[in-house]
There are 4 protein chains.
Amino acid sequence: MKKRELRVGLIGTGFMGQAHVFGYATAEKVFDLPVRFVLDTVADVTDDAANSAARRFGFETATTEWRRIVESPSIDIVNITAPNALHKEMALAAIAAGKHVYCEKPLAPLADDAREMTEAAEAAGIMTQVGFNYLCNPMLALAKEMIEAGELGEIRAWRGVHAEDYMRDAAGPWTFRHDPAGGGAFADIGSHALATAEYLCGPITRVMGDCVTHIPERPSRDGPRRIEVDDIGRALLRFSSGASGSVEANWLATGRKMQHDFEVYGSKGGLAFSQERFNELHYFDTDDRKGRQGYRRIEAGPDHPPYGNFCVAAGHQIGFNDLKAIEVAGYVRAILGEAEEPFNFRAGWRIQHLVETVHRSSREERWLDV
Amino acid sequence: MKKRELRVGLIGTGFMGQAHVFGYATAEKVFDLPVRFVLDTVADVTDDAANSAARRFGFETATTEWRRIVESPSIDIVNITAPNALHKEMALAAIAAGKHVYCEKPLAPLADDAREMTEAAEAAGIMTQVGFNYLCNPMLALAKEMIEAGELGEIRAWRGVHAEDYMRDAAGPWTFRHDPAGGGAFADIGSHALATAEYLCGPITRVMGDCVTHIPERPSRDGPRRIEVDDIGRALLRFSSGASGSVEANWLATGRKMQHDFEVYGSKGGLAFSQERFNELHYFDTDDRKGRQGYRRIEAGPDHPPYGNFCVAAGHQIGFNDLKAIEVAGYVRAILGEAEEPFNFRAGWRIQHLVETVHRSSREERWLDV
Amino acid sequence: MKKRELRVGLIGTGFMGQAHVFGYATAEKVFDLPVRFVLDTVADVTDDAANSAARRFGFETATTEWRRIVESPSIDIVNITAPNALHKEMALAAIAAGKHVYCEKPLAPLADDAREMTEAAEAAGIMTQVGFNYLCNPMLALAKEMIEAGELGEIRAWRGVHAEDYMRDAAGPWTFRHDPAGGGAFADIGSHALATAEYLCGPITRVMGDCVTHIPERPSRDGPRRIEVDDIGRALLRFSSGASGSVEANWLATGRKMQHDFEVYGSKGGLAFSQERFNELHYFDTDDRKGRQGYRRIEAGPDHPPYGNFCVAAGHQIGFNDLKAIEVAGYVRAILGEAEEPFNFRAGWRIQHLVETVHRSSREERWLDV
Amino acid sequence: MKKRELRVGLIGTGFMGQAHVFGYATAEKVFDLPVRFVLDTVADVTDDAANSAARRFGFETATTEWRRIVESPSIDIVNITAPNALHKEMALAAIAAGKHVYCEKPLAPLADDAREMTEAAEAAGIMTQVGFNYLCNPMLALAKEMIEAGELGEIRAWRGVHAEDYMRDAAGPWTFRHDPAGGGAFADIGSHALATAEYLCGPITRVMGDCVTHIPERPSRDGPRRIEVDDIGRALLRFSSGASGSVEANWLATGRKMQHDFEVYGSKGGLAFSQERFNELHYFDTDDRKGRQGYRRIEAGPDHPPYGNFCVAAGHQIGFNDLKAIEVAGYVRAILGEAEEPFNFRAGWRIQHLVETVHRSSREERWLDV
């Protein structure tokens, strides 16, 4: 039986473009999807970049004109991993052409743009996905299952952080991540912290933001350039459930490479998680016998879907690219009508809205309803 | 050569009273102090409690009248570990009698009272100490030394937490810790988080507090009693150094027994600490060779005074009561004129002031200068 | 430019067969290999198994006759992931047909058979690979680089363990892993412990084995069946370098899922590793400053090839299947003449020889030269 | 009510002599013992050392003649922390004088001497104690309770290690620890590993030893001196219970300060312990719910006697010197007839016998019955 083909176009060939390609390759094998992916066309700004990516990743065609992907009648899914500022134009064009659109985060620098993209996608009836791959972790699925099943009792508190150190060095140059339009630590990685918080604890209703710029200028080709975006952002939170919490986004966190961590405390149990060891979830159960209580280190295994698709034995661990494969698989199941969109444009818009509310709260130095 | 005697009176014989006694016993042996402690008189509210403590701890005399301790001409140091609400009256009486006063935290429920006590002590010229024993950890001394020596470069960010779970159970009864006068999680344990933050990073200049009550009532002998104090308190911070930060105090942190933790990030290094493993300090040095960098787990040893007084070999570990012994030794050295008071009434007042400012900031929902 | 095709045949479709398929899919994308893999034919014992695997993995053809793979003129590489007892016959047939052979461990239950296979392969000039994928970890490459560069000084001691708990339950049935011909914990997983030991510390010259059977019988379809193989095996070791050491293989290690761990101590430094967190290597450097020494947790990153092929940022982590992809890539480079065979039949034979020597030493209760 | 006095004499004022003094001081306060310790006389080889210790520790009298302690009619307990080679003579003299004897490990360099001491003590009816303080850890008591209660099921495997690095540096001088009479890593710290193994798993019945000398000579005042004792010792073990196991003693373990660790695996559960974090015990329970299993980190607390004597709240941690206080308290209770001797001369002799058997097994390169 020949599998149905889904033809993929990719715009942008950097870190995340590569991750998309790896995701398709792995997802196809690991999830026994009823489709076969064909890497149709890849676009980048120069011939060299596009051709090199085509050769390296196995795309049939390379182009420097991203519109050729959007306009190609054969392509089913348009993957957008180009710079953030271009997401909107590309996505709207792809939606208009009836393509499914899989866009890296942030959906757009401004929430209004994200809203426009969402509404266009919903009107067109195409399937969308925004890349929040940390949510695809089987251990987060376990955490969600436990919380929803009431294993932790009533959730009272959330402490989330996403800290890395890639902007630690004040001598590091100005980059697009410092662009006042949508840039800064909180938008870049605080968005992950917010996404995880809402994934597990439900809607955030109020925020008190605090976004700080510690490195006031950075070198650029045109000499020192003033930095207007935050490099550390924090927010105090209220959830609709009644829980309270906080998140921190920090790209000056010296020595931290992937501290996307949280602790969540319920009346009957607690969970602690670190992306630094993301195949583990630490769980405290107040029902454990007296004198035998403690946080237990649950190692990812076949009891935690879809881990078992990757490996039949616990403790062997999945990797970052496998999270992307899980993301791809979930999205393709939505395209095939087998499941809901896991994290669609509406969800991406929601995150941008939260980010903007935190930014505004920080500027106005007051709590804001979301 | 006969050592000089210092005679000790103790008011209150609970957890912290006991810790003081252990502290004197250990300090005398471990630090080769030029004094000998004599446990003179112990006071508690009932004859039974006082006599039992006298016998158990080795005090010469027991009393139910704490004023007898203050008035005794032979006693040099008055230790106050009675309920918080009584600290002020007792301390002022002891100061008036010319005694040195060693008072458990909080110095007083209200900052104004703490100020009054401080001013009285300073006017009288006696030596004071407030029990913030977590600060006595050799690994915190190491952290302070590293920060002050510039080993971490410019300090940018602080993340502190003090989380335990002793109020997790909503069926747990109302206690003095829920008393609106000076009670609540932030006053109780947030004070520790603030003390550590200022010990290492210097003065806090602005705060944005957020204190929440998640368990609205608790059983009491007179039926359900409304809880008016916070059980989780958070604060966003600014330091005079320019650093930003946050602290969280949480006594609903299911599964956490002693999470007095922090991470501090500088331009050249980072530190991570957990009281759960308080004989360790984790240190990231950006000068480490490429490909060989990582947080290193420094184990307490003789290189970290005064660890060596307890044990000549690294890795053997000191315990909670040893922190108290270090506190005692520092205080006695101040009494002997050999050193500054390590954490005197003025420092205790400062913490109360910070706590009150966070509380007020939370009520007013706005940033406040300290 | 069209990439050269390498056509793959796979015999056996279980856990490791699947891992091979995932390995090819990932390697092709991640390593930008100058070849394109075509999944040509897959064989399993039943039509259903073979067809299902073909469909799931994307093989062009399915068969129940493994010899059709060996005989197919189009196939370049024969992957053998069938039961251990069949490895020899299959490999020899493939070698005779001039195929490259990629065989799962153990190469053969008996060292003599492994030798025969090795000699046949070397005589035929084809390229071979045995699946010891834990060795493909970038952090082990780092450890090897450090040891070889003398960063640890003279190596004195090795402590290795491979412990899991999949045979913990005495009610678990007899399986092929209990077959006296080549079975048992030490052969199954002690082989991994030995491979890692020699990979990092060089040749083992003497062993004192101790293999124990703790569960004396297990249920089988024909009633209780006596267990003749060890479920725990230990060995004391000497290395040609002068180092001493030990390994333990244990499949009754309750709660352990993948404890392939080691510590290695040199005159100038130490390393500690756990497969449970295999993206980390812990390193102690005696040259670190006084009072600042400690095991540092190095997180895998682009400084540790080939991690960077998977992800451009440190700390994101690779997974178990990625280790297999690294193994595939190394093997293909050998086939292309670009590199040495990473772990060829001769290396696999060596491990079988070591295992047999440990077994014999255990039976004879004396040290044996290897 | 006046407490009964127990008068203490101490011979030797180094690391362990100091630990004894700290132990008495803490035990008296913490355990509410029905006795009061009086530090009567301390002996060391020079006037200076003896006087300094007397002053520092608070002994009434100092002497350079240890026999004055043994002969003093007032002294109840003789503490021997002098060099190992002197233990026998001192202990026999003290026993002959009817004193209780508390001797640091090793009881004597040779098992025969330890036997003689044991028999003398038992004939005299005095109470003895050998300092194996790691056994006094509440978390080991918990482990023992769990094993004895069958919480782990049938015990199958033990892996013990005691590794430190204080002899790592080949330029470090020859010391008494290198004396062929009773010296070496296995005697020094392997004895601890054996003591813990038997404490938790019961009698060892067979051993296969392997003791190695990696640093063949060390500087001494008389020039290079040949090292005849092991610096790494390993032993394979059988227990009377049917369990198998191993221990390693290593004083070249670069970076390890106090790795007195073990893992023990039973049919129903497992335990993992590290002295590096000795207020924790890690426990795996196979009865935990599917998908929620994992090693749980039990933190020491009042549920684990006698932790509660030190602190009423879990997670605060006891220190190394507190272990000594627990040891003292247990011994004094034996002296008072309230309890069995916790680790008496017979137990100390047992350990020496095991050590000698391992040494002999290593020399003869064969398994030996114990």
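**A walk through the predicted model**

At 0% relative accessibility, A:Val264 counts as buried. This is a predicted model, and A:Val264 makes a handy place to start looking around in it. The residue belongs to strand β13 of chain A, which runs over residues 259-266. Setting aside neighbours within four places in sequence, A:Val264 touches A:Ile147, A:Leu152, A:Ile155, A:Ala157, A:Trp158, A:Cys201, A:Gly269, A:Gly270 and A:Leu271. Step 19 residues along the chain and there is A:Tyr283, with a C-alpha to C-alpha separation of 9.8 Å from A:Val264.

What does the database record say about chain A? An unreviewed UniProt entry marks residues 142-271 as "domain: GFO/IDH/MocA-like oxidoreductase". That span is 18% helix and 37% strand, and its end C-alpha atoms are 11 Å apart. UniProt, again in an unreviewed entry, also lists residues 6-132 of chain A, under "domain: Gfo/Idh/MocA-like oxidoreductase N-terminal". Here the make-up is 45% helix and 24% strand, with 22 Å between the end C-alpha atoms.

Over in chain C, C:Thr41 sits in strand β2, residues 35-43. Is this threonine buried or exposed? C:Thr41 has a relative accessible area of 7%, so it is classed as buried. Its side chain makes a polar contact of 2.4 Å with that of C:Asp40. Beyond the neighbours within four places in sequence, the contacts of C:Thr41 include C:Val8, C:Gly9 and C:Leu10, along with C:Phe59, C:Thr61 and C:Thr63. C:Ile69 and C:Ile75 are also among them.

D:Ala149 gives the opposite picture: it counts as exposed because its relative accessibility is 56%, and the cut-off is over 50%. This alanine is found in the loop of chain D that links α6 (138-148) to β7 (155-163). D:Ala149 and D:Val212 are 63 residues apart in sequence, and their C-alpha atoms are 38 Å apart in space.

Some spots in the backbone deserve a look too. Where do cis peptide bonds turn up? One joins B:Pro305 and B:Pro306, with omega at about 0°. B:Pro306 lies in the loop between β16 (295-299) and α8 (307-310) of chain B. Another cis bond runs from C:Lys105 to C:Pro106, this time with omega near -10°. C:Pro106 is also a loop residue, placed between β5 (100-104) and α5 (111-124) of chain C.

Then there are positive phi values in residues other than glycine. For A:Glu365, phi is near 55°. This glutamate is in the chain A loop between α10 (345-364) and β17 (368-369), and it counts as partly exposed because its relative accessibility is 34%. For C:Asp32, phi is near 50°. C:Asp32 occupies the loop between α1 (15-30) and β2 of chain C, and with a relative accessible area of 24% it is partly exposed as well.

Finally, the empty spaces. How many cavities of 30 Å³ or more does the structure hold? The count is six. The second largest of these has a volume of about 130 Å³. Its lining is made up of 17 residues, and those closest to the centre come from chains A and C: A:Glu276, A:Arg277, A:Gln317, C:Arg277 and C:Gln317. Sorted by class, the lining of this cavity has eight charged residues, six polar ones and three nonpolar ones.

Note on methods
Residues numbered from 1 in each chain as written. Chains lettered and ligands numbered in written order. Predicted model: local features only at pLDDT ≥ 70, side-chain atom pairs only at ≥ 80, totals over all residues. Heavy atoms only, no water. 1 Å grid on protein atoms, 1.4 Å probe; cavity = no way out; pocket = protein on both sides within 12 Å on 5 of 7 lines; lining within 4 Å. Points joined across faces, edges and corners; volume = space filled by probe spheres on them. Nonpolar A, V, L, I, M, F, W, Y, C, P; charged D, E, K, R; others polar. UniProt positions renumbered as here; feature names shortened; annotations may be inferred. Helix = DSSP H or I, 4+ residues; strand = E, 2+ residues; numbered from the N terminus. Buried < 20%, exposed > 50% of the residue type's maximum accessible area, 1.4 Å probe, protein only. Polar contact = N/O pair within 3.5 Å; in protein donor to acceptor, adjacent residues only side chain to side chain. Contact = heavy atoms within 4.5 Å.
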